[in-house]
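Me: I am new to this structure and would like to go through it step by step, one question at a time. Please reason briefly before each answer.

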Amino acid sequence: MAEVKENSSFTCKFLNESYFQELLKTFLEAFSDYPVPFQHTEEQFRRHLLGNAVDLNLSVGCFTGQKMVAFSLNGFGPWNGRPTAYDSGTGTIPEFRRRGAGRAMFEFMMPILQGRGVEQILLEVITDNEKAVNLYRALDFEETRKLLVLKAEQPLKFERELPEGVEVREIVRPDWDLMQGFWDGEPSWQNSPAAIERTREVKKIVGAFIADKCIGYLIFSGDSGKIAQLAVAKENRNRGTGTLLLSELQKNTNEKNSLQVINLDESLTGAVRFFQNRGFTESLNQYEMIKFLT
């Protein structure tokens, strides 16, 4: 099957490492007016690709002549037990939007990915981005859940007293079997254990302990204030453990940065209420969507 496709407007083809600098430039231009600003350095962009398991050789660039005007970044791994391509970012530079570049890339790559054993494509799209949502629906993507991005300015005000007898310690080797036992639902692709392990050098994991027993944990990114996961054992909830972990986050976050919860499943009403009661508000919402290829 051909891995370059041309039509009257665009040429779509798979990329490789030689396109990295041009891809970064196009990425920054495409997301320059995005509700969540992307100002990645080269190092941060490589970390973005690594964290989402992106394979440039199976990611698509859309060109007019020699100029890259759009792209679709694909990460790969299992999701719900099925081989999956994860859309780690699809974008078009402003002057080439609404000309069919997004549809052209998906129609080009979907049969090729299917031929390589991919059974489904997973993505997230901002709910207010009606054109993108409508495109994905037209391509037979189905909404699976709504994900929230929550934000709070520092300093947080804690009304609950912090618990006594609970100690916060760094976790060097996470026990995922134990920690997943604290969950009420599944994290998004970019907050999954696999994604966290791929970016451990920039993630910090702290646990709340009573003696040697871990009763809760928090995973966040450096001093940026971005929370990937926060969970407390069911029998230890409503006792200040989550608040204690949030206070630890605040201690480790640059005071100029907002605190953020990235892609929290809206159906986890207890978790949503926990953050809202501590000053977090919705920054934006996303649909998680899946297209089944088989």
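Me: How many of the 11 residues of H7 are buried?
Reply: This is a predicted model, and in it helix H7 spans residues 241-251. The buried residues of H7 include Thr-241, Leu-244, Leu-245 and Leu-249, and what covers the buried residues of this helix includes strand S8 (167-170), strand S9 (203-210), strand S10 (213-221) and helix H8 (269-276). H7 is therefore mostly covered, since a residue counts as buried at under 20% relative accessible area, and the number of buried residues in H7 is 10.

Me: In which hand do S11, H7 and S12 make a β-α-β unit?
Reply: Strand S11 covers residues 226-232 and pairs with S12 in the parallel sense over 2 bridges, with Ile-227 standing opposite Val-261 of S12. Together with helix H7, these two strands make a β-α-β unit, and the hand of that unit is right-handed.

Me: Which residue is the bridge partner of Ala-152 in S12?
Reply: Strand S12 runs over residues 259-265 and is mostly covered, with 7 of its 7 residues buried. Strand S7, at residues 142-152, runs antiparallel to S12 and is joined to it by 5 bridges. Within S12, the bridge partner of Ala-152 is Leu-259.

Me: Does Ser-267, in the loop between S12 and H8, count as buried or exposed?
Reply: Ser-267 lies in the loop that falls between strand S12 and helix H8, and its C-alpha is 9.8 Å from that of Asp-184, although the two are 83 residues apart in sequence. A residue counts as exposed when its relative accessible area is over 50%. Because Ser-267 has 54% relative accessibility, its class is exposed.

Me: Does Asn-52 count as buried or exposed?
Reply: Asn-52 belongs to the loop between helix H2 (42-51) and S3. Leaving aside its neighbours within four places in sequence, Asn-52 is in contact with several residues, among them Phe-76, Tyr-86, Trp-189 and Arg-198. Because its relative accessibility is 6%, Asn-52 counts as buried.

Me: Which helix gives the most to the largest nonpolar core?
Reply: The largest nonpolar core has 32 residues, and Phe-106, Tyr-136 and Phe-141 touch the most other members. Several elements each supply at least two residues of this core, including strand S4 (67-79), helix H3 (101-115), strand S6 (120-126) and helix H4 (130-138). With 9 residues, the element that gives the most to this core is H3.

Me: How many residues make up the second, separate core?
Reply: In the largest core, Phe-141 touches residues such as Phe-106, Ile-121, Leu-123 and Tyr-136, not counting residues up to four places away in sequence. The second core is separate and includes Leu-218, Ile-227, Leu-244 and Leu-245, and Leu-244 and Leu-245 are also buried residues of H7. The number of residues in this second core is 23.

Me: What radius of gyration does the protein chain have?
Reply: The protein chain holds 8 helices and 13 strands, and 52% of its 294 residues count as buried. Its C-alpha atoms fill a box of roughly 70 × 40 × 30 Å along the principal axes. Because a compact globule with 294 residues would have a radius of gyration near 19 Å, the value for the chain agrees with that expectation, and that value is 20 Å.

Terms used
Residues numbered from 1 in each chain as written. Predicted model: local features only at pLDDT ≥ 70, side-chain atom pairs only at ≥ 80, totals over all residues. Heavy atoms only, no water. Buried < 20%, exposed > 50% of the residue type's maximum accessible area, 1.4 Å probe, protein only. Helix = DSSP H or I, 4+ residues; strand = E, 2+ residues; numbered from the N terminus. Pairing = 2+ DSSP bridges. Right-handed = clockwise from strand over helix to strand, strands pointing away. Core = buried A, V, L, I, M, F, W, Y, C linked by side-chain atoms within 4.5 Å. Contact = heavy atoms within 4.5 Å. Rg over C-alpha atoms; globule rule 2.2 N^0.38 Å.
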